[in-house]
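Here is a short tour of one chain, meant to be read with the model open beside it. Please take a moment to turn the structure around before reading on.

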Amino acid sequence: MPRPRRYRRILGEPRVVAFSPEAGEEEVEVEITLDEFEAVRLRDYHDIKQKKAAEIMGISQPTFHRTLTSARAKIAEALVEGRPIILKGGDYITDRRRYKCMDCQFEWISPEKEYKKCPDCDSENITLVSADTLPRMGRGGFGRGLGAGRGAPRVCKCIECGYEAPKTPGVPCRMEKCPECGAPMCGAD
């Protein structure tokens, strides 16, 4: 039996979730998962080395490389064939506790390691951003019209089997494991 797939840490959902050619017929969409998007963002946009980017995402460097290669192939396919790109899905979790570089404004997540320097610009002017100081997003993320600050979820739901349990006040749903299958739980209304 294969090992369970490890969840990748991403900074958050992208502000734009679709790209399409300016003119053309209805083409089959190319789907890029959010963990693939995060790999491209870290390696290609921020130019962070693969080992450091993999550490930020909470995965191994070989897994990061496969994820990045897959994303690049999909992007190339969409550009060459003139097909729309849709960003969605994937095995990921987001963490509200993160670091921020005050010089280059780069943000990253690292639950296991304490950083002294920014992985993007090597500045020592970094700060730990707590969940209280981050802007609150609605359940749907950016641009989905659900509004901000809807409060804590009332129930925690298993992302694998759909099991639901009442939320324990003060304990994030992502810290709970499903009693049925052992998978991580997430907040639900």
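Helices (H or I, at least four residues) and strands (E, at least two) are DSSP runs, numbered from the N terminus. This is a predicted model, in which local features need pLDDT of at least 70 and side-chain atom pairs count only at pLDDT 80 or more, while totals for chains, interfaces and linings use all residues. Residues are numbered from 1 along each chain as its sequence is written, and side-chain values use heavy atoms, with hydrogens and water left out.

**Overview**

The chain holds three helices and 11 strands. Starting at the N terminus, the order of elements is β-β-β-α-α-α-β-β-β-β-β-β-β-β. Of the 189 residues, 34% are buried; buried means under 20% relative accessible area, exposed over 50%, and partly exposed in between, with a 1.4 Å probe and protein chains only. Contact here means heavy atoms within 4.5 Å. Among contacts between residues at least 6 apart in sequence, 60% join residues at least 24 apart.

**Helix α1 and Glu36**

Let us begin with α1, which is mostly covered, with nine of its 12 residues buried. Charged residues are listed there too: the buried set includes Asp35, Glu36, Glu38, Arg41 and Arg43. Glu36 lies in this helix, which spans residues 34–45, and has a relative accessible area of 6%. What lies 3.0 Å from a polar atom of the Glu36 side chain? That partner is the backbone nitrogen of Thr33. Leaving aside residues up to four places away in sequence, Glu36 touches Glu31, Thr67, Ser70, Ala71 and Lys74. Just after α1, Asp47 takes a positive phi of about 55°.

**Helix α3**

The 21 residues of α3 should span 30 Å at 1.5 Å a residue, and its end C-alpha atoms are 30 Å apart, which agrees; the expected span is 1.5 Å times one less than the number of residues. The buried residues of α3 are Thr63, Phe64, Thr67, Leu68, Ala71 and Ala78. They cover an arc of only 130° around the axis, which puts them on the same side of α3; the arc is that of the directions from the helix axis to the C-beta atoms. On the other side, Arg66 and Val80 are exposed. The buried residues of α3 pack against β1, β3, α1, α2 and β4. Just after this helix, Gly82 takes a positive phi of about 65°.

**Strand β6 and its partners**

Two strands pair if DSSP finds at least two bridges between them. The table sets out the partners of β6.

| Partner of β6 | Sense | Bridges | Opposite Tyr99 |
|---|---|---|---|
| β8 (residues 126–129) | antiparallel | four bridges | Leu128 |
| β7 (residues 107–108) | antiparallel | two bridges | Trp108 |

β6 and β7 form a hairpin with five residues between them, and Gln105 in the turn has a positive phi of about 70°.

**The largest nonpolar core**

A nonpolar core is a set of buried Ala, Val, Leu, Ile, Met, Phe, Trp, Tyr and Cys residues joined through side-chain atoms within 4.5 Å. Which of the 19 residues in the largest one touch the most other members? They are Leu42, Phe64, Trp108 and Ile126. The elements that give two or more residues to this core are α1, α2, α3 and β6, and the largest share, four residues, comes from α2. Trp108 has contacts that include Leu11, Ile56, Tyr99, Tyr115 and Ile126, not counting residues up to four places away in sequence.

Conventions:
Polar contact = N/O pair within 3.5 Å; in protein donor to acceptor, adjacent residues only side chain to side chain.
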